[in-house]
Every structure is written in C-alpha cells, then in structure tokens.
Amino acid sequence: MTDHEKYKWIKENLYVPVVCDILDQLGYRHQAMHQRLRPLDENCCVFVGRARTFRWLETDYVVQENPYGREIEAMDSLGENDVAVHSTDSGGTNAPWGELMSTAAMMRKAVGCVCDSQIRDCIRIRKMGFPVFYTGIRPLDSKGRGLVVDYDVPVRCGDVLVNPGDLIFADFDGVVVIPKEVEENVLDLAKQKAAMENVSRKELLEGRTLREVYDKYGAL
C-alpha cells in the first residue's frame, strides 16, 4: 500500500485502543499520550499521519529581529499527511496554535495537530474542520512567551518521546505514537486483534459469556 492507502485503511479499520494493546504486547508501554490531551472537536478528531515536531523554548522577552524563531519556517515546511506535534509547554504560558496555523497547515494538506499546550481561536478552528488535540485554551500569543528553536527533532509531547516520522494515530480515545521501527508489525498484529474483537463482539451479542468468548479468542 502507498502511505495514503495505509492511512485510509487505518482510519477505517483500526482504533487507538487496539493499537495501544499491541504496543503493550511488544513492550512499548508508554506510547499513548497523556489524557490531558483532548480533541477540540469530538466530531473531527480522527487522523493518521507522520510526526513533524516543533521544539519550543519558554521565554520572557521578545527577540526583536526574529520574535517567532523557526516557527514560520517549520509551518511552511509542512506537507501532505503531516501531523504538527508541539513539545510540552509545562508552564502553560502561551497559545502556540490558532486559526492561522490551522489554515496554513490545512492548505499544505497536513492532517492534524497535537499541541501539549494552550490553543486559541477555537471556534474558528472548529468551523474550518481541522482536527486539533490540546491541553488548554488561552488567548495569549506565543510572542515573547515561547520560541520554536528547532523542528524535526525528537520532542516530548504528552509524556511520549516523539521522533520525526513516527506514525501518529488519534481518535476520541486519545493519541498514540507508533515508532517507525515497529510500525509494520504493529499494524499487522492490530489488524488481527481487531478481527478477533469483531468476532468476540458478535458472539457476545449472541448470548455467549465473556469467559467463553475470551477463552476462545483471547481478545478483551
């Protein structure tokens, strides 16, 4: 499958919890982002794409000659099926994502944003239908409060170390990060587990007990 076909198949056939179960099974037990990250719009929150990471530095002053650091450069580098992933803003000092960032990302065919910080312009973002996961809402600009010092580098977001190019899968249950080195294995095993859960559900609806179904299929 092409990447586009792969992402479409994932959205149609998998869900974040089953992927988390497989990552747990393979020993990757810390790939689900912290529950503080929630979708801005529950009806527009499913996306799959490659991580494009933004490394933020908290500041207390405006860098006059370049007040946004490499943020504009990073935004303009986004491409099709990219997911903007912002490093954690522990202080919650600013809102680095808003309407214009969403517009720019959408026009470059990016598929979503994961911002472990504040966001703003929320009603406008919801109206345009761009999926965003966020920690809080605050009207303050990043100028003089935060600076993008680098991008496409490893960052920590939602308590998960995200590497550029990792597969990001989000739905209403949360955000999971699939490392590139195990991606194909994870997707193959998740496909099998989802199939087992489907037949388990069918038999439960037919009246079989959970013990009977679990003993038969090993899916829970």
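**Notebook: salt bridges, helix packing and one loop residue**

Asp76 has a relative accessible area of 47%, so I put it down as partly exposed. The model is a predicted one, and I keep that in mind for every entry below.

*Entry 1, Asp76 and its partner.* I looked for what Asp76 pairs with and found a salt bridge to Arg108, with the closest N and O atoms 3.3 Å apart. Asp76 belongs to helix 3, while Arg108 sits in the loop between helix 4 (99–107) and strand 4 (112–119); the two are 32 residues apart, and the pair links distant parts of the chain. I also checked Arg108, which is partly exposed because its relative accessible area is 30%.

*Entry 2, salt bridges elsewhere.* I searched the whole structure and got 21 salt bridges. I picked out the one between the side chains of Asp152 and Arg52, at 2.8 Å from N to O. Asp152 is in the loop between strand 6 (146–151) and strand 7 (155–157) and Arg52 is in strand 2 (residues 47–58), so this bridge ties together parts that are 100 residues apart in sequence. Is Arg52 buried or exposed? I find Arg52 buried, at a relative accessible area of 14%. Asp152 I list as partly exposed, since its relative accessibility is 32%.

*Entry 3, a pair inside helix 7.* Asp215 forms a salt bridge with Arg211, and I read 3.1 Å between the closest N and O atoms. Both are in helix 7, four residues apart, so about one helical turn separates them. I looked up both accessibilities: Asp215 is exposed at 53% relative accessible area, and Arg211 is exposed at 56%. I then noted a network in which salt bridges with shared partners join Asp3, Lys6, Arg50, Glu183 and Glu184.

*Entry 4, helix 6 against helix 7.* I took helix 6 (residues 183–205) and helix 7 (residues 210–217) next; their axes come within 10 Å and cross at roughly 150°. Angles over 145 degrees count as roughly antiparallel, and I therefore describe helix 6 and helix 7 as roughly antiparallel to each other. The crossing of helix 6 past helix 7 is right-handed. Which residues of helix 6 meet helix 7? I list Met196, Val199, Ser200, Glu203 and Leu204, and across from them Leu210, Val213, Lys216 and Tyr217 in helix 7. Sorted by class, this contact has six nonpolar residues, one polar and two charged.

*Entry 5, helix 2 against helix 6.* The axes of helix 2 (residues 16–25) and helix 6 come within 9 Å, and I note a crossing angle of roughly 120°. Helix 2 is therefore oblique to helix 6. Here too I record a right-handed crossing, helix 2 passing helix 6. From helix 2, Val18, Val19, Asp21, Ile22, Leu23 and Gln25 take part, and they meet Val186, Leu189, Ala190, Lys193, Ala194 and Glu197 of helix 6. I count this contact of helix 2 with helix 6 as eight nonpolar, one polar and three charged residues.

*Entry 6, Asn81.* I ended on Asn81, which lies in the loop between helix 3 (71–76) and strand 3 (82–86). Its relative accessibility is 14%, and the limit for buried is under 20%, so Asn81 counts as buried. What is Asn81 in contact with, leaving aside its neighbours within four places in sequence? I find His4, Tyr7, Val48, Gly49, Arg50, Lys109, Ala110 and Val111. Arg50 is also a member of the salt-bridge network in Entry 3.

Methods
Residues are numbered from 1 along each chain as its sequence is written. This is a predicted model: local features need pLDDT of at least 70, side-chain atom pairs count only at pLDDT 80 or more; totals for chains, interfaces and linings use all residues. Side-chain values use heavy atoms; hydrogens and water are left out. Axes are lines fitted to C-alpha atoms, for helices over the stretch in contact, and angles run from 0 to 180 degrees between N-to-C directions. Angles under 35 degrees count as roughly parallel, over 145 as roughly antiparallel, 65 to 115 as roughly perpendicular and the rest as oblique. A crossing is left-handed if the near helix is turned anticlockwise from the far one by less than a right angle, and right-handed if clockwise. Contact means heavy atoms within 4.5 Å. Ala, Val, Leu, Ile, Met, Phe, Trp, Tyr, Cys and Pro count as nonpolar, Asp, Glu, Lys and Arg as charged, and the others, Gly among them, as polar. Buried means under 20% relative accessible area, exposed over 50%, partly exposed in between (1.4 Å probe, protein chains only). A salt bridge is a side-chain nitrogen of Lys or Arg within 4 Å of a carboxyl oxygen of Asp or Glu.
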